Amino acid sequence: MKNPFVYGEAVSGEHFCNRVLEIKELVTDIKNGMNVIIFSPRRYGKTSLIMRVLEEVMAEGLLTFYVDLYPAINRQKFVEIYANAISAGLPGKVSGIAKKLKEYLPRIIPKVVVDDKSMRFEFDFDRTADISPHIDDLLEAVKKAADQNKKDAVVVFDEFQEIANFDGDEIERKMRSAFQTHRNVSYIFMGSKTHLMRNIFNNPNRPFYKSGKHFPLHKIEPEELGAFSKEKYLSGGIEVTENEMNAILNTSECHPYYFQMLCHVLWEICQDVRGITQQHIEEAADILTSRESSTYIALLEGLTIKQKNLMCALAREEYPEVFSKKFLEKYSLGASSSIQKALKKLQEQDFIQQDNGSYIIPDPFLKRWIRRIWK
């Protein structure tokens with residue numbers, strides 16, 4: 001039997017775990033034309049969730065457009081990515097879509113490209129000229145499509161925080177100005193760098209200040225994760241007691257990605273036994289820590305001594321008061337001002353995140369690795 005635990009990619013169908021309440025709320029928000037800001041740390045399953053939501057609203061007749069901004073390194077790339085997303089979301093045959101693209105994007109030339117796997121569009125435009133007219137056309141294209149098809153629409157911008165890397169805030173300003181007039185289009189902004197997302201949407205000096213409903217995505221409830229994985233283990237003839245399931249949940253800290261990863265390895269090492277034991281869980285955790293060690297070494301090589309010391313301290317403390325005299329002295333971290341700079345850098349590089357008013361390392365196996373090598 002194929003390993004039923006999938007990680008490292010967007011999942012759907014039987015591989016998708018719960019999120020029933022989140023799906024229901026987001027579907028309702030989209031149908032009501034609301035703009036929503038979804039943010040959470042990386043690997044919480046935002047993309048899998050929104051794909052599930054898009055399936056539901058598409059089945060109810062809405063036009064859907066998914067825009068992955070992770071590769072958007074500049075404004076020209078933004079234009080290309082958004083144009084591709086529009087072409088992928090328009091209904092109809094290729095010839096009809098090409099005609100609509102010429103209407104919606106008159107200054108961008110679509111070309112049909114056929115390869116062994118698919119048929120797609122590529123777009124030609126003068127990347128050295130003023131990019132503003134192209135952006136203006138793009139930002140109105142979905143609204144025009146929704147009007148002509150007499151349907152509501154939703155546009156999802158994944159990894160939206162990447163626009164913060166562009167020169168200036170022209171695209172932010174233009175987006176805000178256009179989107180606030182689109183009554184039949186819901187815009188979903190998703191991001192994994194929560195500190196950047198908060199700055200974009202909570203900073204009074206940014207164009208997107210207070211421009212949508214905040215939707216923080218949390219970890220999946222342990223009861224749901226447990227029931228989900230227990231059913232899959234039983235399908236392969238592997239029994240899991242309540243104690244062992246709690247151990248799996250605790251070891252992975254209920255982080256959706258790392259839980260699936262741990263369950264995947266446990267499935268592999270328990271194929272020839274009837275049940276999972278605590279020893280199996282420790283073995284699986286050690287295997288994962290060893291697999292990731294080269295990645296951890298490469299990542300931490302770029303840190304300063306102060307940042308490494310802080311990572312060691314955070315790996316040993318649960319929700320510490322990082323600016324307290326007790327914490328600073330216990331780990332010889334020096335003045336709180338220098339710790340503030342180190343925290344900012346570690347957060348920018350996704351090593352740590354803020355949670356419950358403190359700072360934590362979200363990767364449970366990175367913590368395990370740090371505790372092992374830096375005793």
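A residue counts as exposed when its relative accessible area is over 50%, as buried when that area is under 20%, and as partly exposed in between. Keep those cut-offs in your head, since we'll lean on them throughout. Also remember that what you're looking at is a predicted model.

**The whole chain**

Let's start zoomed out. The protein chain contains 15 helices and 9 strands. Its C-alpha trace spans about 65 × 55 × 40 Å along the principal axes. Is that what you'd expect for a compact globule? What radius of gyration would a compact globule of 375 residues have? It would be near 21 Å, and the protein chain comes in at 23 Å, so the two agree.

Next, the inside and the outside. Of the chain's 375 residues, 49% count as buried. The surface that the chain exposes adds up to about 18800 Å², and carbon and sulfur atoms supply 48% of that. Now take the contacts in the chain with a separation of 6 or more: 71% of them involve residues 24 or more positions apart.

**Two nonpolar cores**

The largest nonpolar core has 54 residues, and those with the most contacts inside it are Y233, I248, L266, L310, M311, I352 and I370. Several helices each supply at least two residues of this core, among them helix 8 (222-235), helix 11 (278-301) and helix 15 (364-373). Which helix gives the most to this core? That's helix 10, with 9 residues.

Try clicking on L266. Setting aside neighbours within four places in sequence, L266 is in contact with Y233, I248, I276, H280, I281 and A284. There's also a second, separate core of 49 residues, which includes I37, Y104, F121 and I171.

**Four residues up close**

Now for V156, which belongs to strand 5 (residues 153-158). V156 counts as buried because its relative accessibility is 0%. Beyond its neighbours within four places in sequence, V156 is in contact with I50, L54, F65, Y66, V67, I188 and M190. Compare that with G236, 80 residues from V156 along the chain: their C-alpha atoms are separated by 37 Å.

K77 makes another case to look at. This lysine is found in helix 3 (residues 75-89). Is K77 buried or exposed? Neither quite fits: K77 has a relative accessible area of 28%, so it is partly exposed. Not counting residues up to four places away in sequence, K77 touches P71 and A72. K77 and R127 are 50 residues apart in sequence, while the C-alpha to C-alpha distance between them is 9.3 Å.

S48 is in helix 2 (residues 46-59). With a relative accessible area of 8%, S48 is buried. Past its neighbours within four places in sequence, the contacts of S48 are E9, A10, V11 and F16.

Then there's E22, in helix 1 (residues 20-31). The E22 side chain makes a polar contact of 3.1 Å with the side chain of R19. E22 also touches L49, F215 and L217, if you don't count residues up to four places away in sequence.

**Two residues with a positive phi**

Most residues other than glycine have a negative phi. Here are two non-glycine residues where phi is positive instead:

| Residue | Phi |
|---|---|
| C254 | about 60° |
| S332 | about 50° |

Where do they sit? C254 is in the loop between helix 9 and helix 10, and S332 is in the loop between helix 13 and helix 14. Which of the opening words fits each residue, buried or exposed? C254 has a relative accessible area of 13%, so it is buried. S332 reaches 62% relative accessibility, so it counts as exposed.

**What about disulfides?**

How many disulfides does a search of the whole structure find? It finds 0. For a disulfide, two cysteine sulfur atoms have to be within 2.5 Å. Take C263: the closest cysteine sulfur is in C17, and at 9.8 Å from the sulfur of C263 it is too far for a bond. As for accessibility, C263 is buried because its value is 0%. C312 counts as buried too, with 14% relative accessibility.

Conventions:
Residues numbered from 1 in each chain as written. Predicted model: local features only at pLDDT ≥ 70, side-chain atom pairs only at ≥ 80, totals over all residues. Heavy atoms only, no water. Buried < 20%, exposed > 50% of the residue type's maximum accessible area, 1.4 Å probe, protein only. Helix = DSSP H or I, 4+ residues; strand = E, 2+ residues; numbered from the N terminus. Contact = heavy atoms within 4.5 Å. Polar contact = N/O pair within 3.5 Å; in protein donor to acceptor, adjacent residues only side chain to side chain. Rg over C-alpha atoms; globule rule 2.2 N^0.38 Å. Areas by Shrake-Rupley, 256 points an atom, 1.4 Å probe, with all protein chains shown as cover. Core = buried A, V, L, I, M, F, W, Y, C linked by side-chain atoms within 4.5 Å.
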